[in-house]
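Trainee: I have a new structure to look at. Can you walk me through it?

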Amino acid sequence: MNAPQTIYLKDYAPPTWLVDTVDLDIAINDGFALVSARLAMRRNPDAAAGALLLDGEDLHLESIRIDGRPLGADEYAYSGDKLTITSVPDDFVLETVVRIEPDKNTQLSGLYRSKDGYFTQCEAQGFRRITFYPDRPDVMARFTCTLHADKSRFPVLLSNGNPVAQGDEDGGRHWAKWQDPFAKPAYLFACVAAKLEVVEDTYVTTSGRRVRCAVYVEPGKLDQCAHALAALKLSMKWDEDVFGLEMDLEHYMIVAVGDFNMGAMENKGLNIFNTKFVLARPDTATDTDYQNIDRVVAHEYFHNWTGNRVTCRDWFQLSLKEGLTVFRDQNFGMDVHSAGVTRIQEVRTLRAAQYPEDAGPMAHPIRPASYAEINNFYTATVYEKGAEVIRMIHTLIGKDAFRKGMDLYFARHDGQAVTCEDFVAAMQDASGLNLDQFQRWYNQAGTPKLIVRSSYDAAGKRYTLDVEQQYPATPYEERMTAEGNGIARGPYYMPLVLGLLDAKGNELPLRLAGEERVQGTQCTLSIRKDKQRFVFADVDAEPVPSLLRGFSAPVVLDYPYSNDELTHLMAFDSDAVNRWEAAQRLATGILLKGIAAPSVPADTWIPESYVEAMRRLLASAFTADGDPALVAEALVLPAETYLAEQMEVVEPDAIHLARLALRQHLAQALREPLLKAYHDLKVDRPYSPDSEQAGKRALRNVCLSYLAELGDEASHALVLAHYEQAANMTDTMAALAALANLDVPARHSVLDAFYARWKGEALVVDKWLQVQSTSRLPNTGSDVRALMAHEAFDIRNPNKVYALVRAFCAANPKHFHAADGSGYKLAADVILQLDPLNPQVASRIARTFDRWKKFDPARQAKAREQLERIKAQVGLSSDVAEVVGKALD
Ligand code: 0A1
Ligand code: ZN
C-alpha cells in the first residue's frame, strides 16, 4: 500500500547524460511562476547508453524543444516524476517551459512562498520541483539565472554567483540576471525574490580578494543581524588560518526566512537560513541562540569547500560533506568559545540524539547502504556521528597530517563529486596510516560498547587495562542480511585517549611495558581488535584511570568506577570532558538506584558524599582557575531521556520523580551556597554573548533552577524577581522556564504578559510555546492541544511545530509517554494533519516514536495503536511511511 521503494548504494551508476550549462529564467507572477530552462546536454562517455530521463515533480509542462525543434506528443512522456525523451542526439540543447505554483508549495522544497517573498530549498531533491533536470549531485553544471517579478513587491532578486545585468520591464516589473562561475550540482541552486533589507560588510581574503558579505532580512529586523554578519567574517578568517581555504566568490549572501524545514542551506554564494540562526538581539535571543548562530553560520560557510567545491557523488555519501563540515564547525566553536564546554555540549547532544537513533528502528551507518526517502537521512548519525568519525581520524593521524590530508583531498578532488572512500584515501595517503579497517565506521551501524577492566600488580608496579569491544547487529544489519545484502561485521579501529591519576590527583607519566618511550601524561591507545591488553610500567600505586578523554571515540564506555573514583576524577582530572563525565556517571548511578526504588525516601538513596561532591563542584567555580560554564554543565543532572536509555524497560514516571527528588534534595542541602553563587554571579556589565559572561549567566541560571525546586514562597519570589530584573533574553527565559514548572498564580499572568510583549517576534513566540510544551505540570498535554488552536500557532510553520509539538514529544517524556496514551495520540494527530502539507516535518515528529518498544506492554499497545493508525492513512508520504514502517517492523 504505502510501501516506499528502497534505493541501494550498490545500484549506483554514473549519469547517462551530463549538463554543461543551465540557463534559467524564472518569472514570478500572481499565483504561479513560469520557469524556462535551457540545458546544454551531452552523452556521458563514461556511462552506459540509455534514453534521456529527467526528474520532475509537480511541474506543468508548457513546451519542450530539442535544438530549437518542438517535440511532438509521441516523442516524450511525463509520468508525474520522470520525463522520458526516447531519442536525442549525443549533444543537444533542451529547452523546457514549466508552470509551477509556489504559493501552494507547503512542503517548503523547491520554490516556495514565505510571507510576502519567494525562496528556494533544493537539497536534497527540490530542484526537480522547479524544472526538469537530472537531479543528482554528480551532475555538475554552470548556472545562469534570470528572475522577473513585480518591482515594488519584490525589490530584491538574488541567485548564486555574480549579478551580471538588471533592468525594468513593462507593468512595474523588473529583472535581474545572476551567473555562477562555478559548476555545481542542482541541489546548490538558490534564488530569492522578496522585499528585504540588507546589512553589508567587506572581507578581504589573504590573497586580496574583496568579498561583499551581506545579510538579508525582512524589513524591520536590521538591528538583529550584526552577530550573524560578524560570525561570517570570523568564519572566513578561521578557514584561512586553520585550513588555508579562502572564499572564492565576490558575493557571499545570507538570506533569512521564517519558513524553513531545517537550520540553513549552503547554496553557492547564497545561503538561505532559518531566521532562528540569523536574528539576534540581547532582548530577543539567548546566549545559546548566539552560539548556535556562530555555529550554523560557520557550518554553511565551511560547506563552500567541504560540500560545494568538492561535493557528494550520490546521497549515500551525505556524511562526506556533513560529518566533515560539522567537525569543522565544532572546531570553530571550540576555538571561539570554551573548548571544553563546547565539546561537552557536543557529547551531550550525541548521546541524547544519536545513540538512541543507533539503538532504534532507524539505525543506520554514517553512510547508509539503502534508504527509502533521502530526506529521512539528515540525521544525528550522518551529522554528529559523522563528525565523530572525522574527529577519530584527526586523533589517530594528528593535526598536521590531517591538514595535509585536507590539502590532498582538495588537490585531488576540487570540482568533483566524490565518495567517502575518496576522503579516507586522502587521509591515508597523507598520513601513511592504513585506514582500511577504519572504514568499518562508514558501513556498520550501532554504538559499539568498549568494556575496560583494570588490574594492578603492586609487586611488579604494573597496571593492566583489558579492553574489549562489542558491536552487536542492529535492525539495519538484520534487514540488510535478510535482503541478501549483509556485510561481514568486525571490530572497529578507534583511538582510546587516556591518563592515569594518583591518589593525590596528579597525572602519572605513562610508559607502556616493553616500550622505552614515556608518552607524557596522556596517551592514545590504538584499539583494533575484539580484545586487547595494555600494560603500563612503573606505576607506583593503583591509579584511577581517566578513560576516553575528550570523548575520543563514539562508544559506550563500560568501566566499573566506584563513586569515590568518580568524585576523584570530578575534582582532579585535567580533561574537562572527563570531569563532567564523572559527574554524569555519578548522578546516573544514584538516579538509577532511586528509579528502582520509587517508594523509598530520597535521602536513603542519595549518598551524603554525592551532595558534598556537588558542593565542592559549585565552589570550584569561584577559584582562580574556575570555569563557571563547565560547572554549570556538570551541575545539570542527566536528562530523563538519557536515563531512559540506560534502562531495560523505561519507567518514565519513576525517572521523572527520582530526578526531581534529587534536584530537590540538592536544592535543600545546598541552599546557602546556591543562593550565594546566584548573587555573586550577577553580571553588571552591558550584555555581550561572549563565553565569559555567558558562562556566568549559565551557572547563575542553573543555581536559580535548583532554588526554584525549594517550592517555598521565597523561592517563588526569587524566580519572579529574576524575571522582572532580567536585562536579556537568557535571564528572562531562565525565569520563565522555572515558572512554567510552578503551579502558582503568577504563572498565568507572566506567560500572558510575555506573549503580549513579544507576539510580534516570531522567534520569541517559539520560546513561549516551548516553555509551555516542556512544562512538567499535569495539564501540559491539554495545554499543548489548546495552544495548537492559539493564534500564535501555525502548523505550516516548521519552527512553530518544532517548538510546540516536537519539543513536547522529544523533551517532555513524562507527558509524551503518559500512561493513558494521550501524548501518543496528540503526536499522531499532528503527524496525520501535517503529512499532506509538509512530509519532512511530519516525518521528524514521527521519529519521536522511535523508542516505543523500550516501554512497558501497556504503553507499547497505546503507541502501536497510533503507529498503525498513521500507517493506514491513504496517500501517506514516503517520508512518514518509511519511519513508521521501520518502527513497526
Ligand atoms: N545541507 C544543510 C541542511 C539541509 C538539508 C536539507 C534541507 O532541506 C531538506 C535543508 C537544509 C546543512 O547541512 O546545513
Ligand atoms: Zn551541513
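Mentor: Let's start with a term. Donors are N, O and S atoms within 2.8 Å of the metal. Keep in mind that this is a predicted model.

Trainee: Okay. Which residues are the protein donors of the zinc ion (ligand 2)?

Mentor: His-299 and His-303 each give their NE2 atom, and Glu-322 gives an OE atom. These donors lie 1.9 to 2.0 Å from the zinc ion.

Trainee: How are the donor residues spaced in sequence?

Mentor: The pattern is H-x3-H-x18-E.

Trainee: And what is the arrangement of the four donor atoms around the zinc ion?

Mentor: Tetrahedral, because the angles they subtend run from 97 to 128 degrees. Four donors count as tetrahedral if all angles lie between 85 and 135 degrees.

Trainee: Got it. Now ligand 1. How many residues surround it?

Mentor: There are 15. The closest are Glu-123, Glu-266, Glu-300, Glu-322 and Tyr-383. You have met Glu-322 already, as a donor to the zinc ion.

Trainee: What kinds of residues make up the shell around ligand 1?

Mentor: An even split: five nonpolar, five polar and five charged.

Trainee: Which helices and strands supply at least two residues of that shell each?

Mentor: One strand, β21 (264–265), and two helices, α2 (287–302) and α3 (318–336).

Trainee: What do the oxygen atoms of ligand 1 have around them?

Mentor: Take Tyr-383: an N or O atom in its side chain is 2.7 Å from an oxygen atom of ligand 1. At Ala-264, a polar backbone atom is 3.1 Å from a ligand oxygen. For His-303, a polar side-chain atom lies 3.5 Å from an oxygen of ligand 1.

Trainee: How much of ligand 1 does the protein bury?

Mentor: 97% of the 370 Å² that ligand 1 exposes when taken alone.

Trainee: Back to Glu-123. What kind of peptide bond joins Glu-123 and Ala-124?

Mentor: A cis one, with omega about -5 degrees. Ala-124 sits in the loop between β11 (117–121) and β12 (140–150).

Trainee: Any other backbone oddities to look at?

Mentor: Try Asp-58. Its phi is near 55 degrees, a positive value in a residue other than glycine. Asp-58 is in the loop between β4 (52–55) and β5 (60–66).

Trainee: New topic. What does UniProt list for residues 24–188?

Mentor: An unreviewed entry annotates them as "domain: Aminopeptidase N-like N-terminal". That span is 0% helix and 55% strand. Its end C-alpha atoms lie 14 Å apart.

Trainee: And what about residues 231–441?

Mentor: The UniProt annotation, from an unreviewed entry, is "domain: Peptidase M1 membrane alanine aminopeptidase". Here the chain is 55% helix and 9% strand, with end C-alpha atoms 32 Å apart.

Trainee: Which annotation covers residues 446–559?

Mentor: UniProt lists "domain: Peptidase M1 alanyl aminopeptidase Ig-like fold", again as an unreviewed entry. That part is 7% helix and 39% strand. The end C-alpha atoms are 20 Å apart.

Methods:
Residues are numbered from 1 along each chain as its sequence is written. Chains are lettered from A and ligands numbered from 1 in the order in which they are written. This is a predicted model: local features need pLDDT of at least 70, side-chain atom pairs count only at pLDDT 80 or more; totals for chains, interfaces and linings use all residues. Side-chain values use heavy atoms; hydrogens and water are left out. A residue is near a molecule or strand if one of its heavy atoms lies within 4 Å of it. A polar contact is a pair of N or O atoms within 3.5 Å; within protein, one must be able to donate a hydrogen and the other to accept it, and residues adjacent in sequence count only if both atoms are side-chain atoms. Accessible areas come from the Shrake-Rupley method with a 1.4 Å probe; for residues, only the protein chains shown count as cover. Helices (H or I, at least four residues) and strands (E, at least two) are DSSP runs, numbered from the N terminus. Ala, Val, Leu, Ile, Met, Phe, Trp, Tyr, Cys and Pro count as nonpolar, Asp, Glu, Lys and Arg as charged, and the others, Gly among them, as polar. UniProt positions are given in the numbering used here, feature names are shortened, and annotations may be inferred rather than shown by experiment. Donors are N, O and S atoms within 2.8 Å of the metal (3.2 Å for Na, K and Ca); water is not among the atoms, so sites may look incomplete. Four donors count as tetrahedral if all angles lie between 85 and 135 degrees; four count as square planar and six as octahedral if opposite donors are over 155 degrees apart and all others between 65 and 115; anything else is irregular.
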